[in-house]
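Here are my notes on this entry, as numbered points. Please read them with the structure open.

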Amino acid sequence: MSPTTPAAGEKRQINVPVMADLAARNESPEILFWVGCAGAFDDRYKRVTRAFVRILEHVGTNYAVLGLEESCTGDPAKRAGNEFLFQMQAMTNITTLNGYGIKKIVTACPHCFNTIKNEYPALGGDYEVIHHSTYLQQLINEGKVGVSGGESFKGRRITFHDSCYLGRANNIYEAPRDVLAALDADLVEMKRSRANGLCCGAGGAQMWKDAEPGKKEINIERTEEALATLSGQAEALANLGGVETETSAPGPHDLQGSIIAVSCPFCMTMMSDGVKNKEQEGRVQVFDLAELIASAEGINA
Amino acid sequence: MLQSILFLLLLVAAFGLFAWQVRKIRANILVGRDRDMSGNVAERFQKTLLVAFGQQKMFKRLTPALLHLIVYVGFLVINVEVLEIVVDGLFGTHRFLKFLGPVYDGLMATNEILAALVLVAVAAFWWRRNSNPPLKRFSGPELRLWPKLDANIILYVEVVLMMALFFMNTADLKLHQMEGQDLPGTFPVSNLLVGLLPTNVATLEVLERTGWWAHIIGIFLFLNYLPSSKHFHIIMAFPGVWYSRLVPQGQFSNVESITNEVKAMMDPSFVVPPAPTAADGSALAPAPFGAKDVEDLPWTNLLAAYSCTECGRCTSVCPANLTGKLLSPRKIIMDTRDRVEEKYNSPLIFQPNVYGAEAKHEPITDLANATLLRGKVTPEELWACTTCNACVESCPVNINPLESIIEMRRFLVLEESAAPNSLNVMFSNIENNGAPWAFSPSDRFNWADELFATEKQPAAVVA
């Protein structure tokens, strides 16, 4: 950390605190940021990781990351049926986490979140685990993030795509919506949302394999719904399959500047690919919640 | 007297046969793997009250929820009248419950109105299934032949039962009117129908008896049809919901035998608990990882297969199915029930349906050795699942098709090493790099390089 406090508006380099260094100094963080493999390696999601760290720094959180000591939670292995590999990963990670006495974990990946929160306890890993959507919601509610001073999202149309492992898997539907509500944007809901949300197509280890033969890719189906929602094409929305509760379509709107908000690295990949497939990447952007908040707060550099 | 004896014999035969069939089904369910489901009584009670009795999850779709509510409430309330019929039949009484007075009036009136509404609801159900094209979730390769016929038989039987009820009441009412007597009870629908019946006392007596016997014999027959039918859900939905999972939907089951192995690998001092033994102390054959056949699934999954009414809400929200993949969660549940009855006990009528070319299966000739996995559920179906839990969420009786899918994936991966090649690549990436992609583990922290933020006032900088 730089010894002098930079003035407002200045760029400051962040040295991300690593758990091993803290432990060497006999310090312990209030919260461990679990970055996840996508957050660490996927070029697109690295930007989310960086945005979230900016927020953590901005509000003065006492946090740390595992850095090179982090390893895959084992989620994709478990969903694919490789229980052995999953438990090997889980127990290795639990040994690391318990060794540092970690109590509280925040992560920007719903798959890591679900696995650590729900499946590690049976293997000896008991932690308070929160997803970054809940964490951001808390920061906004506590007034630590004002969501002002940066980019304005006023009037821009945003639709939130529910991640299965956040929503149905763990019943978190409102936190990401509350975070988006702070942006004062034009929030519209897809017909298949919340408990009835349609998967992006990447869960259950589908991210790493080709889809089985079918009529369509799942991410295209979902992207078409998102685009029709953002532009208010009632006709396209009327023909969707798997709709449980009929809701009225939002009014017509220019796609330019619209945003699909996600809260999961795999949803990010699938929705971005879908938007590119539909050749709308010049008009519609896919952002994670943390990126939107960091932009609105004006702390990007 | 003769009628009473005949009735008693029928009653005993009907319930005896039903109990015999239920015993077979109970045995089928218990071939599944042990799973301790004790405890959490308060939570299970509440869930059963809300989801099973209260039909909470049905109300995600209003139209079928209301139609179903009519038939469900009709079933519950008209059963009070069935109780009366049983007492009348056994003791030769006539409308035994009439001592209830005004309550009886209300009960009969409610019954009649519900019965009329049931006819309307059943007509709507029939239309939803049989119009051209039917509702999407009532089509699909698994809903041909027997399951399609079964659904319609249920509707036809319900019509016959309600008609018999009206016949009985109308004839009884007209008899009493012609004899200048007051029939106990209020019959708003039958009152409208009396004009349609002949004015001959002898004929009316025959009609009244015919309606009475048709109603109760119909119920006895229907009772014994249930174990062969998807309509068995009217009973099994309750234990099914009682034993539903109480943990978050994202939490997949833990395989304890693997936990022991992994612990032993990581810690040489770990003592692996002894393997379970048979009652006589001999060693049991080790259970396979995951599920190849029905007996490898937890017994709760087999119970669930019997509580399924093939409504197809699961399949209609499945992202894989919506985009034309072979996977249909409903089919996996139906396959499970078919397979357990093919391999173990089959009730009276049911003929497990061997799906034809439409489901892209090879025709199955060797039924005895055609296991659930591969014999009925193909790997192609299993690998199409995104584990999104939409099917689990949508099921009105808390069936969890996802759990069976994962159990079968476990068998494919751990026992047969039969994962798609791309997934094997992912596995070895995790093993070698600690990440599902082929990145070097030493690059894991590169995201933090050259990371800048714009300072804001009031800034809270952590020193």
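1. In this predicted model, A:Val262 of β8(A) has A:Asp288 as its bridge partner in β9(A). The two strands, β8(A) and β9(A) (residues 284–288), pair in the parallel sense over five bridges. Between them the chain passes through helix α11 (residues 265–277) of chain A. This β-α-β crossover is right-handed.

2. β8(A) also pairs with strand β6 (residues 157–160) of chain A. The sense is again parallel, over three bridges. Here A:Ile158 has A:Ile259 of β8(A) as its bridge partner.

3. Is β8(A) mostly covered or mostly open? Strand β8 (residues 258–262) of chain A is mostly covered, with five of its five residues buried. In a regular strand, side chains alternate between the two faces of the sheet. In β8(A), A:Ser258, A:Ile260 and A:Val262 point one way. A:Ile259 and A:Ala261 point the other way. Residues on both sides are buried.

4. A second parallel pair joins strand β4 (residues 104–107) and strand β5 (residues 128–131) of chain A. It has four bridges. One pairing to check is A:Thr107, whose bridge partner in β5(A) is A:His131. The chain runs from β4(A) through helix α6 (residues 110–119) of chain A to β5(A). This β-α-β crossover, too, is right-handed.

5. Next, helix α9 (residues 218–231) of chain A. It has 14 residues. From first C-alpha to last it reaches 20 Å, close to the 20 Å expected at 1.5 Å a residue. Just after α9(A), A:Gly232 takes a positive phi of about 70°.

6. How many residues of α9(A) are buried? The count is 12 of its 14, and the helix is mostly covered. Among the buried residues are A:Ile218 and A:Asn219 at its start, and A:Leu230 and A:Ser231 at its end. Charged residues are included: A:Glu221, A:Arg222 and A:Glu225 are buried. So are A:Thr223, A:Ala226, A:Leu227, A:Ala228 and A:Thr229.

7. On annotation: an unreviewed UniProt entry gives "domain: Cysteine-rich" for residues 32–117 and 158–228 of chain A. The span 32–117 is 59% helix and 10% strand. Its end C-alpha atoms lie 14 Å apart. The span 158–228 is 27% helix and 8% strand. The end C-alpha atoms of residues 158–228 lie 12 Å apart.

Key. Residues are numbered from 1 along each chain as its sequence is written. Chains are lettered from A and ligands numbered from 1 in the order in which they are written. This is a predicted model: local features need pLDDT of at least 70, side-chain atom pairs count only at pLDDT 80 or more; totals for chains, interfaces and linings use all residues. The expected span of a helix is 1.5 Å times one less than its number of residues. A residue is buried if 20 or more other C-beta atoms lie within 10 Å of its own, exposed if 12 or fewer, and partly exposed in between; C-beta atoms are placed from the backbone. Two strands pair if DSSP finds at least two bridges between them. A crossover is right-handed if, with the strands pointing away from the viewer, the path from the first strand over the helix to the second runs clockwise. UniProt positions are given in the numbering used here, feature names are shortened, and annotations may be inferred rather than shown by experiment.
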